[in-house]
Amino acid sequence: MHIVCCLKQVPDTADVKIDPETNTLVREGLESILNPYDLVAVEMAVRLKEKHGGRISALCMGPPQAQSVLRQAMSLGADAGILLSDRAFAGADTLATSYTLAQAVLILNRKTPVNLIICGKQAIDGDTAQTGPGLATRLDYTQLTYVTAVESFDPKNKLIRIKRRIEEGQEILEAELPALLTVELESARPRRASLPELIASMRKDIEVWDKKKIEGDANQLGIKGSPTWVRKMGAPPPRTSGPRFEAAKGLREAVDQSLDIIFADGFMAEELGIPTGVHHGKDSRGN
Amino acid sequence: MSECCDVVIVGAGPAGISAACILADHGVETIVLERGEFPGSKNMSGGVLYGHDLARIIPDFAERNCPIERNIVESRIWFTSKEGGYSLAYRDRIFEEQRRHNVFTVGRARFDRWFAEQAGQKGVLVVCGTVVTDLLKDESGKVRGVRTDREQGELEAKVVLLADGINSLLAAKTGFRPEPDPEHVALAVKEIIGLPEETISERFNVAPEDGVSIEILGSVTRGMNGVGVLYTNKNSLSLVIGGNLKDFARLRLKPYELIEDFKTHPMVAPLIKGGKPREYLAHWLPEGGYDHVPRLYGDGYLIAGDSGMLFNALHREGSNMAMVSGKIAAETIIQAIQKSDFSSESLGVYAQRLKDSFIMKDLKKYRRFPGFLQKHEDIFNTLPDSLSMAARDMLTVDGVDKKTKQSRSWKMIRSKTSRLRLLRILFNAWRSVK
């Protein structure tokens, strides 16, 4: 059994500050961390490995300093860390990133066939949630996004059953392996590394793969392979607040007014089982 | 079976990392355990370092991109009253050229991290986010390692170096050194105020990479036995003010009020005008001096830096005493490894070597100084204002002759502090530092 985790090193946006004059991110002094969703991906992989045995390879594309996130993955239980690092990879959008990762997975697959890839739902810096699905498409793996739990995993019969979040609730899917999961934060609470594993992870070597090693087509790598261009960046306009009801002028009136607005919304009324168009405020007072 | 290595160092501050660098240079397998998320994340100092001491650990520090903020070319001392104060400044070209980096400012979050990276490149493992919760001892009581808050968290070593700072949870738990009394600890608060680089160079009259340090005594500490400092960084100023913890309690002062007041002092306010507060920090400083340095060694362990109360309040020497004591501890450990003897007698060489170094010599020289300050609070409350009034009177042009002014000033000073008292302060001050 072979699981691949794809990791990204991101600025710690929990700590982000916006320069009020230029409206841009203040990057100075920002910590680089492992994308929190990817940390959950590693935890999920380690839990599967504990149950079913096998091997976990952690993959990360980034500059040399990104090896720290691979070490973190190894301290939690990943067996190998591979850093995809080459000047040619720089400036990649999600299309080029998924290409680069796919090439690396194909190489890993030659040595030990890959059953499962686990990615975070999205990265907290770009928030696109495209790289995972892109990678699944390129590799022709079953694509399972927004996963909240793995219900069963059966590498022998090449089957996985997961729970995923959808707009209206949850969906349970059984699918064929090899598959790619993108995971939600609640799917697995990351553990703290034990001291021996933490120390061992710092002593291990990180393999660095360049464009030659992944047999990459130069035209599909990095900025060359990236059709996305960021033309402009800006802060979203501040949200306008909804209607206000002055409770000071009369509590009952304010509650009535707010209920009127809620029940005037067709969807809300339906959810609450109230026929649309009923003017609830007056009804409740019996007149 | 637990992990093991030659030396475990508790704390990735200047003492611990200095020791780790020296040990790694001699091929000793060393692991540093740091409770912060990264080295420096929990550390604070005024922010000056001494090139001479750093060079003994990393000789080519300037070439290795050491994050130096500004090279200090001018030192000022202020004696303040509420409305103003005296200023004494010394500048010297030698500090711009031949003796560059004699003193320089650093930001601890960046410097400590850089310093730990240097150790990492030498082969030291710096393990962060890991709290040492206890010392492991064998039947005879010899320290044989540490326990951490991680799973399977025991780590065995031939020697443990405790470089875990003044606020040591481990000391509180294991009692390897006594917890300091409030009167032997100072509480300092620091604010980092952002300003454009050019503004700082202009306001302090220095070249872009050079800077000024100011030590500030007098009424800014509101009668507390304490001191304020103002140091220039590249594009920020460090403002620190602190006082004896016992005085804070006695006078019911709040640290944040103290620093807010400090920022409005007429000599400080124009220098920080227009600046934006960037960081706010607070820390304890060991101020007991020579007489409160605990025993710094035992079977299987040594203590270095703030944790060992090695701190010279008068000469703003904390980080460099930490670095030098860490270095001496490492040298002692290397000898002990050669002899395979980690007993208290073998490691006791450390205390002797500290005694022969400037650390203990300086601490001894100033051993009476903390007591002197405590017994003469006039220095912090009445004297600043009377001396300031005297200068104000002398400098105010109002047609009164100088002789009258002089005797008027004397009378005013003596009405608050008797002649005998003044003499005693001067005599005791000289005696405490001679």
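In what order do the nine strands of the open sheet in chain A stand? The order is β9-β8-β7-β10-β6-β1-β4-β5-β11, and the pairing is mixed. Strands pair here if DSSP finds at least two bridges between them, and the strands (E, at least two residues) and helices (H or I, at least four) are DSSP runs numbered from the N terminus. The model is predicted, so local features need pLDDT of at least 70 and side-chain atom pairs count only at pLDDT 80 or more, while totals for chains, interfaces and linings use all residues. Residues are numbered from 1 along each chain as its sequence is written, and chains are lettered from A and ligands numbered from 1 in the order in which they are written.

Back to the sheet. Its edges are β9 (169-176) and β11 (207-209) of chain A, and each has a single partner strand, so one side of each has no neighbour in the sheet. On average, neighbouring strands of this sheet are turned by 35° against each other, direction ignored; axes are lines fitted to C-alpha atoms, for helices over the stretch in contact, and angles run from 0 to 180 degrees between N-to-C directions. Within the sheet, β6 (residues 116-120) and β10 (residues 179-183) of chain A run parallel, joined by five bridges, and G120(A) sits opposite V183(A) in β10(A).

Two helices of chain A can be described against this sheet. Helix α2 (residues 67-76) of chain A packs on the sheet and touches β1 (2-7), β4 (55-61) and β5 (80-84), its direction making about 165° with that of β5(A). Helix α4 (residues 131-139) of chain A also packs on the sheet, touching β1, β6, β7 (142-154) and β10, with its direction at about 75° to that of β7(A). Contact, here and below, means that the C-beta atoms of two residues, placed from the backbone, lie within 7 Å.

As a whole, chain A has eight helices and 11 strands. Of its 287 residues, 36% are buried; buried means 20 or more other C-beta atoms within 10 Å of the residue's own, exposed means 12 or fewer, and partly exposed is in between, with C-beta atoms placed from the backbone. Among contacts in chain A with a separation of 6 or more, 66% come from residues 24 or more positions apart.

Now for chain B. Seven of the seven residues of strand β13 (residues 226-232) of chain B are buried, so the rest of the structure largely encloses this strand. Both faces are covered, with G226(B), G228(B), L230(B) and T232(B) on one side and V227(B), V229(B) and Y231(B) on the other. Strand β12 (residues 210-218) of chain B runs antiparallel to β13(B), joined by four bridges, and E215(B) stands opposite V229(B). With β14 (residues 236-244) of chain B, β13(B) pairs in the antiparallel sense over seven bridges, and L230(B) faces L239(B) across this pair. The two strands β13(B) and β14(B) make a hairpin with three residues between them.

Elsewhere in chain B, helices α9 (residues 319-339) and α11 (residues 349-356) pack at an angle of about 140°, their axes 9 Å apart. The contact involves S325(B), I328(B), A329(B), T332(B) and Q335(B) of α9(B), together with V349(B), Y350(B), R353(B) and L354(B) of α11(B).
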